[in-house]
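Biologist: Got a minute to walk me through this fold? I'd like to go one question at a time.

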Amino acid sequence: GGRMGKLADKAVKNHKSFYSCSGAVLCAFHEPAGLSESEAQRKAAPFASGRAGKCGAVMAAEYVLEKVYGQNAGAKVSEFEEKFIEKGKGSVMCRDLMGRCRSCVTEAALLLEEML
């Protein structure tokens, strides 16, 4: 409902336009992350399709938190993961979330936008 911010909305639109889960999130939030859109696309590529084990949308959101909060990002990343798990995802691991990519992109982007 009322939770959808402008950047989260962009992330969902990106995903509907066949961006990877990580690309959808990172490209929507490229400005707070201090990246151009094409840099965001490149940075997001290794996070896609669970290559790192963790959900790509989560990895992209955590990358943005790290860029924004620097030294203090650790606590923010932990908080982000707790909230993501609480929101019914139950896990941040790609293999546990298979087939729920759109809802993961949506939730990751909503949480990220709330935390910035």
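Modeller: Sure, and one term up front: a crossing counts as right-handed if the near helix is turned clockwise from the far one by less than a right angle, and as left-handed if anticlockwise. Keep in mind that this is a predicted model.

Biologist: Then which hand does the crossing of α2 and α4 have?

Modeller: The two axes come within 7 Å and cross at roughly 25°. Angles under 35 degrees count as roughly parallel, so α2 is roughly parallel to α4. On the α2 side the contact uses Cys21, Ser22, Val25 and Leu26, and on the α4 side residues including Ala57, Ala60 and Tyr63. As for its hand, the crossing is right-handed.

Biologist: Val25 turns up there. Which residues does Val25 touch, leaving out those up to four places away in sequence?

Modeller: In general, nonpolar side chains in soluble globular proteins tend to be buried together. Here the largest nonpolar core has 36 residues, and Val25 is listed among those with the most contacts inside it, along with Leu26, Phe80, Phe84 and Leu112. Helices α1, α2, α3, α4, α5 and α7 each supply at least two residues of this core. The residues Val25 touches are Ala11, Ala57, Ala60, Ala61, Val105 and Leu112.

Biologist: Within what arc do the buried residues of α5 fall?

Modeller: An α-helix has 3.6 residues a turn, so residues three or four places apart point the same way. The buried set in α5 is Ala73, Val77, Phe80, Glu81, Phe84 and Lys89, and these pack against α4, α6 and α7. Turned away from that buried side are the exposed residues Ala75 and Glu86. Seen down the helix axis, the buried residues line one face because they fall within an arc of 95°.

Biologist: Glu81 caught my eye. Is Glu81 buried or exposed?

Modeller: Glu81 sits in helix α5 and touches Lys54, Val58, Glu62 and Val92, not counting residues up to four places away in sequence. The cut-off for buried is under 20% relative accessible area. Glu81 has 18%, so it counts as buried.

Biologist: And what is phi of Phe18 near?

Modeller: Most residues other than glycine have a negative phi. Phe18 lies in the loop between α1 and α2 and, at 79% relative accessibility, counts as exposed. Its phi is positive although the residue is not glycine, with a value near 70°.

Biologist: Which residue just after α5 takes a positive phi?

Modeller: Helix α5 spans 73-89. Just after this helix, a positive phi of about 75° is taken by Gly90.

Terms used: Residues numbered from 1 in each chain as written. Predicted model: local features only at pLDDT ≥ 70, side-chain atom pairs only at ≥ 80, totals over all residues. Heavy atoms only, no water. Core = buried A, V, L, I, M, F, W, Y, C linked by side-chain atoms within 4.5 Å. Buried < 20%, exposed > 50% of the residue type's maximum accessible area, 1.4 Å probe, protein only. Helix = DSSP H or I, 4+ residues; strand = E, 2+ residues; numbered from the N terminus. Contact = heavy atoms within 4.5 Å. Arc of directions from axis to C-beta. Axes fitted to C-alpha atoms, helices over the stretch in contact; angles between N-to-C directions. Parallel < 35°, antiparallel > 145°, perpendicular 65-115°, else oblique.
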